[in-house]
Amino acid sequence: MRKVMVEKEGNPLSIRRQCALLGIARNRLQSHPPRRSKEDLAVARRMDEVALEFPEYGSRRHMRTLQREGHRVGQEKVRGLMRLMGLQAIYRRPRTSQPGKGHKIYPYLLRGREVREPDKAWCAEITYIPMAKGFAYLVAVMDWKSRVVLSWTLSNTLESGFCVAALKEAAAQVCRVVRNSLYRGLAFINRKTRDHLVLLGTDPFDGH
């Protein structure tokens, strides 16, 4: 409201005097933010690249990285650019895993278990890839022990469909490998052994 009361024309008092009487700073009258220099834009771009690779960096580590690369910046400059860009160090904070109201809590199935062989447990990771406009989201399903990527899928949204598709593809890949290995192994079983398995109700060639 006080900014509106400042009259830029038709008032015998100068703008400086009006701002002093109203108790506001003259720079608050600007309708648009001041333009950044080319050097500031180059520093901001480099900070964005560093933040993608090291999201845990705060203002001090950004400042040291920039100074090592020859940029003449101080911590206040870096802090101001971080606020302007919305950059914030990502690290583990206390009580960050508190469930929301009504959120279902799923048990951690690997607690107390040691995975010593492949194909005993899987895990999934989601990350984002910066594009010219927006982001692409990548999900990968991996084997917990060997860290082999079983399947992966890209999406331009964070809906659950592409994650489910990656899981189904991983399951289909493993089923094909197991089925092919089983048939190759059973090719060496003689007819008598196969008949014995059929009598026991465990015919390995019945497709199940």
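User: On helix H3 of this predicted model, which residues are exposed on the side away from the buried ones?

Analyst: Arg-60 and Arg-68 are exposed on that other side of H3. As a general idea, an α-helix has 3.6 residues a turn, so residues three or four places apart point the same way. In this structure, H3 covers residues 59–68, and its buried residues are Ser-59, His-62, Met-63, Thr-65 and Leu-66. Looking down the axis of H3, one finds these buried residues within an arc of 165°, and therefore they line one face of the helix.

User: What covers the buried residues of H3?

Analyst: Their cover includes helix H2, residues 38–53, and helix H4, residues 75–85.

User: How should I read the sign of phi, and which residue just after H3 has a positive value?

Analyst: The general idea is that most residues other than glycine have a negative phi. Just after H3, Gly-70 takes a positive phi of about 100°. Asp-119 is not a glycine, yet it has a positive phi of about 65°, and Arg-147, which is not a glycine either, also has a positive phi of about 65°.

User: Where do Asp-119 and Arg-147 lie, and how exposed is Asp-119 or Arg-147?

Analyst: Asp-119 belongs to the loop between H4 and strand S1, residues 122–130, and because its relative accessibility is 52%, Asp-119 counts as exposed, the cut-off being over 50%. Arg-147 is found in the loop between strand S2 (135–143) and strand S3 (149–155), and with a relative accessibility of 46%, Arg-147 counts as partly exposed.

Notes: Residues numbered from 1 in each chain as written. Predicted model: local features only at pLDDT ≥ 70, side-chain atom pairs only at ≥ 80, totals over all residues. Heavy atoms only, no water. Buried < 20%, exposed > 50% of the residue type's maximum accessible area, 1.4 Å probe, protein only. Helix = DSSP H or I, 4+ residues; strand = E, 2+ residues; numbered from the N terminus. Arc of directions from axis to C-beta. Contact = heavy atoms within 4.5 Å.
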